Amino acid sequence: MGVEAKIAPSMLSSDFANLAAEAERMLQCGADWLHMDIMDGHFVPNLTIGAPVIESLRKHTKAYLDCHLMVTNPLDYVEPLAKAGASGFTFHVEVSKDNWRELIQSIKAKGMRPGVSLKPGTPIEEVYPLVEDKNAVEMVLVMTVEPGFGGQKFMPDMMDKVRALRKKYPSLDIEVDGGLGPSTIEMAASAGANCIVAGSSVFGAAEPAKVISLLKKTVNEARQSKGD
């Protein structure tokens with residue numbers, strides 16, 4: 001079964017004062033998901049949004065809210081985010097070595113889709129057990145910048161992780177986040193990424209719809225050329 005291209009504008013780059021309107025604008029421009037960066041000021045130095053903002057946004061949109069938890073205690077966020085209306089819940093492998101089974105179980109029990117993310121310095125092998133468990137994560141997010149702030153430069157050497165994942169798991173959703181845009185999408189797509197988080201390159205564009213369309217087209221072409 002082939003994996004689908006999903007373009008997820010990173011709402012961290014949007015105008016937070018007009019979040020509902022920005023979300024709607026991205027969906028009108030062809031976004032598949034909305035990527036929500038939840039940072040606790042501890043796991044990463046930045047502090048962004050939490051469950052109350054997700055809850056407020058959910059009242060204005062039916063979109064898939066792809067939540068990336070850059071937090072030290074992801075288990076504490078499962079219930080509040082589920083109640084708030086999160087769709088996907090991606091936690092970091094670095095903070096869940098002892099309780100990832102419990103985490104995946106509770107994320108699924110609350111009706112959300114579990115994913116796992118890893119920082120640039122974390123070996124890809126650390127996520128394999130979570131993808132292969134009988135109660136597995138459904139997506140792996142490979143960070144292509146150090147998590148914490150938007151607008152950073154894409155790290156091409158992270159594509160080795162994406163290639164390793166795609167070779168091992170042909171039908172897995174593989175997401176990349178950090179520095180993705182028209183100049184870097186080819187590298188990510190050809191390595192095997194199918195879920196693309198894009199912040200500044202979409203929100204800073206004169207015509208965001210054209211950028212989203214280009215990102216999706218590049219992923220689809222890469223998948224087709226590999227016979228997916």
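Both faces of strand 1 (residues 6–9) are covered: Lys6 and Ala8 on one side, and Ile7 and Pro9 on the other, are all buried. Here, buried means under 20% relative accessible area, exposed means over 50%, and partly exposed lies in between, with a 1.4 Å probe and protein chains only. Helices (H or I, at least four residues) and strands (E, at least two) are DSSP runs numbered from the N terminus. The structure is a predicted model, in which local features need pLDDT of at least 70 and side-chain atom pairs count only at pLDDT 80 or more, while totals for chains, interfaces and linings use all residues. Residues are numbered from 1 along each chain as its sequence is written, and side-chain values use heavy atoms, with hydrogens and water left out.

## The sheet

Strand 1 belongs to an open sheet of eight strands, ordered 1-8-7-6-5-4-3-2, with parallel pairing. The edge strands, each pairing on one side only, are strand 1 and strand 2 (33–39). From one strand to the next, the twist averages 25°. Two strands pair if DSSP finds at least two bridges between them. In general, strands of a sheet pair through backbone hydrogen bonds, either parallel or antiparallel.

Some of the parallel pairings are set out below.

| Strand pair | Bridges | Partner residues |
|---|---|---|
| Strand 1 and strand 8 (residues 195–198) | four | Lys6 and Cys195 |
| Strand 7 (residues 173–177) and strand 8 | three | Asp177 and Val197 |
| Strand 4 (residues 88–92) and strand 5 | five | Phe89 and Pro114 |

Strand 5 (residues 113–118) is mostly covered, with five of its six residues buried.

His35 lies in strand 2. This histidine is buried, with a relative accessible area of 0%. Contact means heavy atoms within 4.5 Å. Leaving aside neighbours within four places in sequence, His35 is in contact with residues including Ala8, Pro9, Asp66, His68, Glu175, Asp177 and Val197. His35 and Asp66 are 31 residues apart in sequence, yet their C-alpha atoms are 4.7 Å apart in space.

## Helices on the sheet

Helix 2 (residues 51–58) packs on the sheet and touches strand 2 and strand 3 (64–70); its direction makes about 175° with that of strand 3. Such angles run from 0 to 180 degrees between N-to-C directions, and the axes are lines fitted to C-alpha atoms, for helices over the stretch in contact. Ala51, Ile54 and Leu57 are buried in helix 2. Seen down the axis of helix 2, the buried residues fall within an arc of 125°, so they line one face of the helix. The arc is that of the directions from the helix axis to the C-beta atoms. These buried residues pack against helix 1, strand 2, strand 3 and helix 3 (75–84).

Helix 9 lies across strand 1 and strand 8, running at about 145° to strand 1. The expected span of a helix is 1.5 Å times one less than its number of residues. At 1.5 Å a residue, the 18 residues of helix 9 should span 26 Å, and the end C-alpha atoms are indeed 26 Å apart. Among the buried residues of helix 9 are Pro208, Val211, Ile212, Leu215 and Val219. The buried residues of helix 9 fall within an arc of 130° when seen down its axis, so they line one face of the helix. On the other side of helix 9, Lys210, Gln224 and Ser225 are exposed. The buried residues of helix 9 pack against several elements, including strand 1, helix 1 (19–28), helix 6 (159–168) and strand 8.

Arg223 is found in helix 9. At 3% relative accessibility, Arg223 counts as buried. The C-alpha atoms of Arg223 and Ala189 are separated by 7.7 Å, although these residues are 34 residues apart along the chain.

## The nonpolar cores

A nonpolar core is a set of buried Ala, Val, Leu, Ile, Met, Phe, Trp, Tyr and Cys residues joined through side-chain atoms within 4.5 Å. In soluble globular proteins, nonpolar side chains tend to be buried together. The largest nonpolar core has 66 residues, of which Ile54, Phe91 and Leu165 touch the most other members. Helix 9 (residues 208–225) supplies the largest share of this core, five residues. A second, separate core of five residues includes Ala8, Met139, Cys195 and Val197.

Residues up to four places away in sequence not being counted, Leu165 touches Ile124, Val127, Tyr128, Val140, Val142, Leu172 and Ile174.
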